[in-house]
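Biologist: Could you take one part of this structure and go through it slowly, in terms that a first-year student can follow? I would like to hear how the neighbouring pieces are arranged around each other.

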Amino acid sequence: MNLSSPPGEVRAALLPRDARRRFLRLRGRRLDRPGRPAARLVTFALSAVVHAVTAAILAGGVLIVVNWHGNVLGWLFGGVLVAIAILTRPRTVRLPDGAQEVTRAEAPTLFEAADRIAGSVGAAPPAAIYLHDRLFRCAHLRAGIRRRPVLLVGLPLLLTLTPRERAGMLGAELARDVSGDPGRGLLVPSALSTTGEWRHALMGMRVDRYRDFGDPHLDGHSAVPGGRMASQAIGKVTGWILVWPLFLTELALRRLVSAQSQYAVYYADQVAARAVSSRAVVEYADALTMGESRLTPVMAAARRGETAEEIRRAVLSRDADPGLLATRREDSLSGQAAWQAEPTTALRAVLLESAGVDEGSVGLGSGESDRIDAELSRHLARTVRELSRIT
């Protein structure tokens, strides 16, 4: 692939101020592991305060119900407080609906590649790999109470990647485990979700859930979760008196997390580049940037009745379009939201191009990639059928 933008060049004026200043400060640098203890301490302290409020509301509700057990108003008010605490409770990372686990016996080559690249970036190898038919993304997660390392692979994405891009995918996502990102913990993401629910309930403002797995490329519409409507109805009972402290807490928390998480993503990309090569990681980031352009012909081929093998052959024989890539990169820059937890994939690619990090060689050969396709053939065929139904 010919990279469309010269190293370090990007229309930074399109970015929000904080993201632009951060990008310009980091451009051309080899990054060290994140080490801002003061910012991390404040982030965790604010998150603890948010959860302490939830615990206080729960305790207050229980005390009211216990002490006013013979009073209907006591039961009603105490029950409302308990319901609020339950709706805003801390939550662990959960896999999206529709994720299906693939065993090591079923996909040994995929597990071997993930284990090898995890070792090269210093990450914990995935204890389990899950596949999803409607995600154009990949993520390394710490799921559940035990925070097991789990790799979630979107099959539509895997279907459109070359072997080198697949190596970049594994390297970049597994390196998140050693990035020092506070947004990957248990305390901070759940605090952001809690403050977001409060803001929506008390101010009627739309909330984008933190690290939502909804996929804009494949989801035609999204329904409003019943829990969110319930939180709005219950939250309004508490009154506007709680709005501004919570709103300011959320703003502060989002700004802190944004700064640390964006740096952590840039750092993880450089760690991955030192393992699998900068070119592999940049091409993977560009594949995400080109998501809609890549997925559209795949969906068209699925509707024509082509098999996963035929689609893969077309993917491997396609020619890159540097002009289209440059356009997509620029479009993604203009879509960067203020205090977004992650930088756009275009920023990731351009920053890595300018960094000049040592090149790694732990890649994924074409033969190994073909064996992964063969092992996942049943799942890929199901994904093609699923894509053919999307209108």
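Modeller: Let us start where two helices meet, keeping in mind that this is a predicted model. Ala113, Ala114, Ile117, Ala118 and Val121 in helix 4 meet Ala167, Leu170, Gly171 and Leu174 in helix 6. Sorted by class, the residues of this contact are eight nonpolar and one polar, with no charged residues.

Two packed helices are described by the angle between their axes and the distance between the axes. For helix 4, which covers residues 108-121, and helix 6, which covers residues 163-174, the axes come within 9 Å and cross at roughly 50°. That angle makes helix 4 oblique to helix 6, because angles that are neither roughly parallel, roughly antiparallel nor roughly perpendicular count as oblique. The crossing of helix 4 with helix 6 is right-handed.

Helix 6 also packs with helix 10, and here the angle is about 90°, with the axes 7 Å apart. Helix 6 is therefore roughly perpendicular to helix 10, since that description is used for angles from 65 to 115 degrees. On the helix 6 side the contact is made by Arg164, Glu165, Gly168, Met169, Ala172 and Glu173, and these meet Arg279, Ala280, Val281, Glu283, Tyr284 and Ala287 in helix 10. The residues of this contact divide into six nonpolar, one polar and five charged.

Helix 4 has a contact with helix 15 as well, where residues 366-375 form helix 15 and the two axes are 8 Å apart at an angle of about 135°. Helix 4 and helix 15 are therefore oblique to each other. In this contact Pro108, Thr109, Leu110, Ala113 and Arg116 of helix 4 meet Glu368, Arg371, Ile372 and Glu375 of helix 15, and by class these residues are four nonpolar, one polar and four charged. Ala113 of helix 4 thus appears both in the contact with helix 6 and in the contact with helix 15.

Finally, there is a pocket to consider, the second largest, which has a volume of about 570 Å³. It is lined by 29 residues, of which Arg294, Val315, Arg318, Asp319 and Ala320 are the closest to its centre. Helix 6, helix 10, helix 11, helix 12 and helix 13 are the elements that each give two or more residues to this lining, and helix 11 supplies the largest share, five residues. By class, the lining of the second largest pocket has 15 nonpolar, four polar and ten charged residues.

Methods
Residues numbered from 1 in each chain as written. Predicted model: local features only at pLDDT ≥ 70, side-chain atom pairs only at ≥ 80, totals over all residues. Heavy atoms only, no water. Axes fitted to C-alpha atoms, helices over the stretch in contact; angles between N-to-C directions. Helix = DSSP H or I, 4+ residues; strand = E, 2+ residues; numbered from the N terminus. Parallel < 35°, antiparallel > 145°, perpendicular 65-115°, else oblique. Left-handed = near helix turned anticlockwise from the far one by under 90°. Contact = heavy atoms within 4.5 Å. Nonpolar A, V, L, I, M, F, W, Y, C, P; charged D, E, K, R; others polar. 1 Å grid on protein atoms, 1.4 Å probe; cavity = no way out; pocket = protein on both sides within 12 Å on 5 of 7 lines; lining within 4 Å. Points joined across faces, edges and corners; volume = space filled by probe spheres on them.
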